[in-house]
Each structure stands twice: as structure tokens, then as C-alpha cells.
Amino acid sequence: MSTRAEQYVADVLRREQLSPRLVRLTLGGPGLAGFTSTGIADEWVGLIVPGQFQSRYYTVRSWDGVELVLDVVVHDVGLVTEWASGDCVGDQVTITEPKGSFAMPEGASWLLLVGDLTALPAMARIAETHAAAVPTRIWAEVPDLEELGGYLPETADTTWLSSVGEVSRDGRSATSSTTEGDDRGGTSRLAAAVEQIDWPEGDGYFWMAGESAQMRAIRKYLMRERRLPSTAYDVMGYWRAVAARQPRPVDPGPIWRAGKAAGKSDDQIWADYDRASQEQASQEQVQQ
Ligand SMILES: Cc1cc2nc3c(=O)[nH]c(=O)nc-3n(C[C@H](O)[C@H](O)[C@H](O)COP(=O)(O)OP(=O)(O)OC[C@H]3O[C@@H](n4cnc5c(N)ncnc54)[C@H](O)[C@@H]3O)c2cc1C
């Protein structure tokens with residue numbers, strides 16, 4: 001029996017700029033024929049873009065049985081960022097089997113969602129799925145408030161936080177913030193926002209996603225201060241604020257593009273890549 005996770009080859013049908021930092025990609029094509037949603041509202045897939053073999057995770061914003069929509073944050077650098085920033089329509093990508101983690105207990109009387117821009121697609125889908133049945137509050141921290149004010153469904157009560165300051169619930173009147181941050185995701189006030197939450201009475205469910213270090217702090221807060229049982233929350237690190245992506249000895253991207261331009265098959269291109277990696281390794285040995 002094979003234990004290899006299912007993978008699907010999909011065509012990029014459309015690319016739409018939702019905001020300066022958020023790009024909507026619609027995938028489709030015959031390769032998605034066997035794709036089946038888990039039905040879990042925060043489900044995600046691994047995405048492997050042309051010329052790369054590392055995957056990055058993206059929330060399935062929607063799947064209608066034919067087209068699969070991913071909303072991708074473009075930040076300053078990054079493997080998917082570089083690809084999604086350009087004209088990727090017509091490219092073929094690989095996606096992995098979907099997985100989900102959202103598990104609101106039966107009978108939960110409230111739902112709280114907190115996240116940054118990378119978590120926005122998941123929060124939108126969770127709210128679309130559950131907010132009509134369970135009173136839902138969202139704290140969403142985004143850099144592009146002007147454009148994203150209408151992104152979340154109105155069934156949820158949303159507080160927008162700007163990565164440069166807090167704004168009112170209608171998405172206007174930003175105030176400046178003095179919290180420190182970095183030049184990649186901007187400032188983040190999510191951890192502080194969680195500590196200021198006026199928690200509803202009764203049993204509910206708390207879901208949060210964003211930068212990993214902040215998520216670790218929040219888990220501690222939920223366990224030690226709020227004393228929530230582990231079944232009452234789900235807190236996920238979606239990305240890591242590290243100084244820079246570790247460069248690989250040989251970047252497969254240019255080799256892939258040159259191979260494609262020369263009409264080579266995938267196997268031939270990967271053989272070129274293996275050769276280039278071996279040459280690089282022997283050059284490094286000579287230099288040592
Ligand atoms: C379950 C799950 C679901 C996710 N869903 C989504 C989604 O729907 N949409 C989405 O855009 N992202 C989503 N993410 C986050 C996404 O996988 C990461 O942000 C990913 O690292 C981006 O890949 P990249 O190749 O562009 O950058 P990378 O090559 O991975 O990173 C390059 C550099 O950028 C920095 N960086 C990475 N992510 C961010 C960021 N968000 N903000 C600022 N700096 C960053 C890194 O610290 C690094 O220095 C999800 C993650 C998980 C685990």
C-alpha cells in the first residue's frame with residue numbers, strides 16, 4: 001500500500017490582485033478531477049510552484065468541484081511570493097491533499113477568530129461556514145485595509161486591526177501604533193488584542209493563526225491565564241519571521257525556466273538540476 005500523499009496538477013486559470021499584498025489565484029483543469037474537499041473550514045493544501053520542489057501551505061478559500069481558489073499573500077521575498085507576483089496565468093502547479101484542523105465542539109455558544117493577513121482566507125471561510133449558526137467575532141490584522149474591508153462576511157462581527165495602527169469596526173479611522181514590528185509583515189498587535197478580549201460567557205471555540213512566535217505566546221496565555229481545555233482552541237503558526245530564507249546551493253528556478261524554454265521534459269530538467277547541484281558540491285569541496 002502506498003503511503004504517498006495524493007498530489008494534483010492544476011492550471012492557473014486566473015490571477016486577480018485583491019489588494020497590494022493579496023493575490024487571488026484560481027486553479028482548475030483536468031488534473032483536479034480527483035480533488036475532494038475535507039469539508040473542514042480551515043482546510044489547506046501544499047502548493048508547489050513551477051521549478052521548485054518545496055511546498056508552502058495555502059488555505060482552500062473555495063472549491064466548487066471544478067475551480068479551486070487560493071488567496072496568496074505576497075510579502076517582500078519568498079518562493080511563492082516571487083512566482084505569484086508575476087504573470088503566473090497558464091502555469092502548472094502541484095497541490096497536495098487537503099487537510100484541516102478547525103474542530104469546534106458540539107454546542108459551542110460562541111466562536112472567536114483572530115489572525116493576520118495569511119489567516120484571512122481561513123477566517124473568511126470559517127465565518128461563511130459557521131457564523132450564521134454561532135455568534136462569531138473576528139479580529140483581523142491586515143496592511144491593506146482600504147481594499148480588504150469587505151473581504152469578511154457580514155455575518156461575523158469584525159474588528160479590523162491595521163499593522164500600522166488600530167481602526168474602528170467599520171474599517172476606517174486608523175490610529176497610529178507605537179508597537180515595534182519588522183519590515184516584512186509590518187507591526188503585529190495580535191497577541192495584545194487577544195489579551196484584551198472581553199470573553200463571552202459559556203463554552204465556545206477560539207481559533208487563531210499568524211506568525212509562529214506570537215502563536216506560542218498565545219497558547220501559553222490560553223492555557224495558563226484563560227485555563228481553556230485544549231479542545232476549546234486551535235492556535236496555528238502560519239509563518240515564521242526569520243531574517244531570510246535559507247538560500248539553496250543551487251536555485252532550481254533558472255534551470256527550470258531555461259529547460260522549459262529549450263523544450264526539455266521535467267525529467268531532463270531535474271537531471272540538469274542534479275548535475276548543477278553535484279558540480280556546485282564538488283566546487284565547494286575544492287575550495288575547502
Ligand atoms: C495551514 C496554513 C495555511 C496557510 N494559509 C495561507 C493562505 O491562505 N494565504 C497565505 O498567503 N499564506 C498562508 N499560509 C502562510 C504561508 O504558507 C507562508 O506565509 C509561506 O511562508 C509563504 O511562502 P513564500 O514562499 O512566499 O515565502 P517563504 O519563502 O516561505 O519565506 C520568505 C521570507 O518571508 C518571510 N515570510 C513568510 N511568510 C510571511 C508573511 N506572511 N509575512 C511576512 N513575512 C513572511 C519569511 O520569514 C522569510 O523571511 C498558511 C500557512 C499554513 C501553515
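**View 1. Contacts of Met123 in the predicted model.** This is a predicted model. Met123 is in contact with Leu113, Gly115, Ile138, Ala140 and Leu152, leaving aside its neighbours within four places in sequence. Met123 is also a hub of the largest nonpolar core, which has 61 residues. Together with Ala127 and Ala140, Met123 touches the most other members of that core. Helix α2, residues 120-130, supplies the largest share of the core, 6 residues. Domain 1 (1-100) and domain 2 (111-239) both contribute residues, so the core lies between them.

**View 2. Helix α2 and its cover.** Of the 11 residues of α2, 9 are buried, so the helix is largely enclosed by the rest of the structure. The buried set runs from Leu120 and Pro121 through Ala122, Met123, Ala124, Arg125, Ile126 and Ala127, and also takes in His130. Strands are included in what covers these buried residues. Among them are β4 (56-59), β6 (68-73) and β8 (111-116). β9 (136-142) and β14 (205-211) belong to the cover as well.

**View 3. The shell around the ligand.** The ligand is surrounded by 26 residues. Closest are Thr59, Val73, Gly78, Thr81 and Trp239. Four elements, β4, β6, α1 (79-85) and β15 (233-239), each give two or more residues to this shell. The largest share, 4 residues, comes from β4. By residue class, the shell divides into 15 nonpolar, 6 polar and 5 charged. Domain 1 (1-100) and domain 2 (111-239) each provide at least three of the shell residues. β4 and β6 also appear in the cover of α2.

**View 4. Leu32 in its loop.** Leu32 sits in the loop between β2 (22-28) and β3 (44-48). Is this residue buried, exposed or partly exposed? Leu32 has 18 C-beta neighbours inside 10 Å, so it counts as partly exposed. The cut-off for buried is 20 or more. Leu32 touches Tyr8, Ala10, Leu27 and Leu68, not counting residues up to four places away in sequence. Asp11 is 21 residues from Leu32 along the chain, and their C-alpha atoms are separated by 8.9 Å.

**View 5. The backbone at Arg227.** Arg227 lies in the loop between α5 (212-224) and β15. Arg227 has a positive phi of about 55°, although it is not a glycine. Most residues other than glycine have a negative phi. Arg227 has 8 C-beta neighbours inside 10 Å, so it counts as exposed.

**View 6. Confidence and the whole chain.** The mean pLDDT of the chain is 86. A value of 70 or more is reached by 86% of the residues. Where does pLDDT stay under 50? It does so over residues 165-186, for which the model has 45 contacts beyond four places in sequence. The chain holds 7 helices and 15 strands. Of its 288 residues, 32% are buried. Contacts between residues at least 6 apart in sequence include 62% that join residues at least 24 apart.

Methods: Residues are numbered from 1 along each chain as its sequence is written. This is a predicted model: local features need pLDDT of at least 70, side-chain atom pairs count only at pLDDT 80 or more; totals for chains, interfaces and linings use all residues. A nonpolar core is a set of buried Ala, Val, Leu, Ile, Met, Phe, Trp, Tyr and Cys residues joined through C-beta atoms within 7 Å. A residue is buried if 20 or more other C-beta atoms lie within 10 Å of its own, exposed if 12 or fewer, and partly exposed in between; C-beta atoms are placed from the backbone. Domain bounds come from an automatic or database domain assignment. Two residues are in contact if their C-beta atoms, placed from the backbone, lie within 7 Å. A residue is near a molecule or strand if its C-beta atom, placed from the backbone, lies within 6 Å of it. Ala, Val, Leu, Ile, Met, Phe, Trp, Tyr, Cys and Pro count as nonpolar, Asp, Glu, Lys and Arg as charged, and the others, Gly among them, as polar. pLDDT is the predictor's confidence in each residue, from 0 to 100.
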